[in-house]
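Colleague: I am new to this structure and would like to learn how to read it one feature at a time. Could you show it to me and then take my questions in turn?

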Amino acid sequence: MSVDGQIAGGTGGSPSRAKRAREPAGDREALDHGRRASSPGERPVSSRELRSMLQEHFTTLTSNWQDVQIRLTAVEKDNHKGRVDKEAIFGRIAQNEKRQGENNARLAKLEKEVVALQSSSSLGGNVGEGPAIPDPWMAFRNKHGPLPPKGALGATVHPANVPPNFSGSEGRDPPVPGREELSEEDRRTLVLGGWPQDTKRQVILEESAAFLARENVKELVDVQEITEEKFTWFHVEATEEASYDIDWASGTVWDSLAVGNNVPIASSTLQPSGGKRFLRKMASWNLGGQALSKTDLVASSLDFLCVQEIPRGDTGWDEQNTDNFVWLSHRSPAQWRGVAVAVSHDLFDCVTDRKACAFAAAWVVRLRSSKRVVLASIHLPTGVSMAKYYEAVVECKNMLRGWHENIPYLVGVDSNVELIWNRAEVLDRDGVNVCNGGGKTDKFLEMVSALRLRMIAPVMGDRWKPTHYPRDESREGRHIDCLLVRCICTGEVEVDEDVRFNINTDHAMLKMTVEIQQSKGGRWQDGRLRWVSQPDSLFAPETWDDVKNMAETCTSTRKAAKFRDDPETLALIARAKASSGVEAKNLWKSVHKERRQKRRQWQQSRIGAILAGSWSVYRQMKREKGVRNWWGYLLADKSAKEVGEDVSKHLETKVFDDQLDWHTELCGRVRALDCPDNDFVAIQPLEVGCALNQMRASASLGPDKIGVDLLRCLHAHAPQQLAKLFNEVLYSGVLPDEWNTSLLALLPKTRWPKGAHELRPIAMLSAAMSKIVMARSFEDIRQPSPWACAGRNRGCADLHGAFGRLRDMTREWRLGVVAVKLDIRAAFDTVHRRAVADFLCGLVRSPFELRFMLQLLDVNRLVGCAPGGAPLDVRSNRGIRQGSPESAEIFGLMIAHVVHQLKGGKTWKKPAQPVDDMPADIGCYQDDIFVWGENPRKIASNIEMISAELKKLGLSLAAEKTAVICSKYYKGVRYMSIDGVRIDFLPPGSSLRVLGLDFDLDAAANQQAKELQSRVWTAFHSNKHILCGPGSKHEKARVMSMLIDGCWSWCAGAVHWEQDDLTAMNSLQLRLLRLIFGCKRLPDEDWTRYNARMFVRKLVDYAILGASEQRTLSVLSPRCWVLTGKQQVCAEKGGNNCCPSGLKPWTCHGVEGDNYHLVVKLFVPFGIGW
């Protein structure tokens, strides 16, 4: 390209008009002529070259504009910094001017007071701004001089104080004290504002009549005569440290001894303190979002904590546990960080009530061996307008007003307004020491007064210490935190400003001591597991008393595994506590980092122990995550004694019939039982060992504290002697006294039970002997029934298969079917023991074993504690003996026997067409009975027969728990009558809960398969911290088969699986194994190859095989058969596919016979066809 093409200034840009104007006319014309006269062969400018020139021009402009932007940004930053400095200077000037104005006002006030004092001293008037008020005593002393000191001459004497033998003739004055003094008796009975407690009412009326008749008093009296209902007494002892008991029942409370506080006054029946009290440490602290684990370490010496700005979490209520505290927290949507209170583990019992608003939360906490207390935490907003602050204060006031006013309050507050305290040693008339005023402060003090709370002033040296230290060093700290109390004695507040460096917060900690009254708490029954701690002290027992003594002396409970700091960490903590300033801050950072690492290692070791097979550690971790202290709502409006009475009354109503003399009747049955010596078969040590091996080591204990671990050790140490003890009990028929007493444990039926009816009683006792007898005699009792899921070779999957088949028939043939679920009310607690005895006598053939099982039905005692600690001692002569291993199975077999007899009887109404060929129309499992058919009238008739038979056993149907559903093809009435109660059908689309699975007669066939898939994810996430932790793949595969496969494999073969469900289930299994083993996809690997590689190499080698000796197909086959729920039966000579029908395929994993064998069909083998 020619140079003429770029003549525009040599920069590639367009020439400006001014530049063209400066060029000579001749040159411009020559230039234009040259351009026009260019040769035809000259190449013109191409678009690419033109685009390049424009790009260069754009780059130049961009770089120049970036330079301009950088300079503008620097100027703006300097301007902003100058503005901030200017505002800071103006703020400091305003503060100085404000302080100067306050100082000037104080000086002016002091000058006026000095002038008034001088004038009053010269004129004998009163000090004040107004005119002097006459003071007779001041005038008398001005006239006669000051009061003589004690023992001085010339002092006047009251005539009552002159000795009777004194004579004035001696020319001397009598010995006088100089002023009137109170005697010791008067000092002890000094009364302010009233009469002693034992003063008669008539004496008070007579002595107060003259005073109340004064003209200046009449207007201040609201009644003409003092009445007991409207007059209370305030008796003050001589010392300020005097304390009093608190009458919690009547609402009588005491506050501090400051006169004029707006607090309830105690009744005249209150006596001086005789109860035991103890001091506890409390603090209020704004954490600034720091972790609770840090606060737990730093504040480990405290008992109560009210904190603000806890680490951000989900909205709503929450409860957490750390090493030393139970944290109760709440965060409202209006808060960025929530508030919380903490109670030490040794004091916390439960929470009986709670309440919250947008800026505060309060809990009624029941303490162990003490009374209840309200712990509250308030965090008022900062940086808001006066109106917003007013709304927040009013909301907090409305939340606490009238809420548990008879309980002591402990409140920690971050007011976010500056609180300036005065130098007064005692409280003023309003009960506060805050002297500054302002819109927000006045509103906050108004809330304090309205709630009858009392602000606790810090010690004199800490009243002007800041409690908030802004992280911006240009800002000054302010005293914005405080502690409020009510109805409780406290010490002074101490401000610890250095502790903020320990957790890196910007707030100081406010600490004080509180006086807590001790109460008589209940004694909990110790039912914890006991393990042999002194195996060398065991000996061969001669009697059961020897075994009981060894349980007391040679066994002990195990402490739960808890994280503890090692000596190295403890030394670092001690060093951090001894330091201060920046050094302490750095050391505490090291402490927290070290503890996090050590705790992580400890948690990994626990996971490793679980993967290695320690199920005790697993159960402990589950308990840590479970619901604790669930009995709080039971104690919300009642005392522990009242709750104990309600629970005892409820249990006696269920398990004891005072009109029944069951003990005498049972003794007659036992005596009539013939037990010849020839029928006695001695218990062998092998039987004892087998029974103990079948029992869990964590099985419950009885009152004798004999556990499974002790019996196992005794069996290993002296097997013959232990078997001899069991033989003595079986042969003589005399049971130890402790075997008729059970420890009672109350478990909640709901998450937060609110009454005794929502508690499930569980009896705990030693069951080794029962296990031995069950192994001998239950083969005669376990008679299978086609209509029951209890018995030999039966399970829950049988009923699942039956309902699945009923649903399929209903959908395929469009049948109108009705299904009913019946529930037996309090089944295990109300069954007649006479019926149980008749059932056993009709089936058990061994007389000695039968006698033992009958003796277990004798009247027994249930000993335990109600929620709150009240003791329970209930006698039981009705219901099965809960806690015995045979009880639940016997009950299930009894119900199955009743159903079997009814189903085989002539009065049972069978279904008609079109379902007359249906083989089953009833099923049962324990206390759940299911009936179905096409006609509600026939179903109701069958249910009436079931109810009649159950009443013979002492049982009844629970109409409120009965559920009825029908298919969409059903035409008819939509209600039934059961035991005279009308039961309406559930709405269309409702499901019936059948032994853990939902069944809807109109839903798809894979409804249960979808539910099982969701259970797999739930089980994985609940155990994710274990399965995804460090450990070998073989151990993880074993634990996975127990924790995850166990949640669906028990019934997977009885439900229908679609092809998509099978694919999804296999994909889900593969995905879980990827997550558990940490298998990742390679960079150059697609998903198909990734699936195949993971399935074949990782999953087969580690998860499924687990051992090199086993073949892949031999391990995959049973697992995939259970997964698919289908089987393919092939004959040795030619294949013949057949589908499962009836109940039989769900009861076994193979087909018995000589000509058939099980062949498993892999629907998705080795990652192909995903």
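The dialogue below goes from the overall picture to the open and closed spaces and then to single residues.

Colleague: Where should I begin, and how many helices and strands are there in the protein?

Modeller: Begin by keeping in mind that this is a predicted model. The protein has 33 helices and 29 strands, and of its 1170 residues 42% are buried. Looking at contacts between residues at least 6 apart in sequence, 69% of them join residues at least 24 apart.

Colleague: What is the mean pLDDT of the protein, and which stretches should I read with care?

Modeller: The pLDDT is the predictor's confidence in each residue, from 0 to 100. Here the mean is 78, with 76% of the residues reaching 70 or more. In residues 1–23 the pLDDT is below 50, and this stretch has 17 contacts in the model beyond its near neighbours in sequence. Residues 228–274 also have a pLDDT below 50, and that stretch has 90 such contacts in the model.

Colleague: How do I read a pocket, and what lines the second largest pocket?

Modeller: A pocket is an open set of points, whereas a cavity is one from which the probe cannot get out. The second largest pocket, with a volume of about 1,500 Å³, is lined by 41 residues, and those nearest its centre are Gln 95, Lys 98, Arg 99, Glu 418 and Arg 478. Two or more lining residues come from helix 3 (47–123) and from helix 10 (439–450), and helix 3 gives the most, with 12 residues. Sorted by class, the lining holds 15 charged, 15 polar and 11 nonpolar residues.

Colleague: Why does the second largest pocket lie between domain 1 and domain 2?

Modeller: Because domain 1 (69–105) and domain 2 (291–517) both give residues to its lining, the second largest pocket lies between them.

Colleague: And how many cavities of 30 Å³ or more does a search of the whole structure find?

Modeller: The search finds 17 of them, and the largest cavity has a volume of about 140 Å³. Its lining has 16 residues, and Trp 739, Ser 766, Ala 767, Ala 768 and Met 769 lie nearest the centre. Helix 21 (residues 768–781) provides the largest share of that lining, three residues. By class, the lining of the largest cavity divides into 12 nonpolar residues, three polar and one charged.

Colleague: Turning to single residues, is Arg 595 buried or exposed?

Modeller: The cut-off to apply is that a residue is buried under 20% relative accessible area and exposed over 50%. Arg 595 has a relative accessible area of 8%, so it is buried. This arginine lies in helix 14 (residues 581–611), and, leaving aside residues up to four places away in sequence, Arg 595 touches Ser 293, Leu 297, Asp 323, Phe 563, Asp 565, Thr 569 and Ile 573.

Colleague: Which backbone details should I look at, and where are they?

Modeller: One is a positive phi in a residue other than glycine, as in Cys 487, where phi is near 60°. Cys 487 sits in the loop between strand 11 (481–486) and strand 12 (494–496), and at 3% relative accessibility it counts as buried. Arg 814 also has a positive phi, of about 55°, and is placed in the loop between helix 22 (796–813) and strand 18 (818–823). With 62% relative accessibility, Arg 814 counts as exposed. Another detail is the cis peptide bond from Gln 913 to Pro 914, with omega near 10°, where Pro 914 belongs to the loop between helix 26 (885–903) and strand 21 (922–925).

Key. Residues are numbered from 1 along each chain as its sequence is written. This is a predicted model: local features need pLDDT of at least 70, side-chain atom pairs count only at pLDDT 80 or more; totals for chains, interfaces and linings use all residues. Side-chain values use heavy atoms; hydrogens and water are left out. On a 1 Å grid over the protein atoms alone, a cavity is a set of points where a 1.4 Å probe fits but cannot get out, and a pocket is an open set with protein on both sides within 12 Å along at least five of seven lines; lining residues have an atom within 4 Å of a point. Grid points are joined across faces, edges and corners, and a volume is the space filled by probe spheres set on the points. Helices (H or I, at least four residues) and strands (E, at least two) are DSSP runs, numbered from the N terminus. Ala, Val, Leu, Ile, Met, Phe, Trp, Tyr, Cys and Pro count as nonpolar, Asp, Glu, Lys and Arg as charged, and the others, Gly among them, as polar. Domain bounds come from an automatic or database domain assignment. Contact means heavy atoms within 4.5 Å. Buried means under 20% relative accessible area, exposed over 50%, partly exposed in between (1.4 Å probe, protein chains only).
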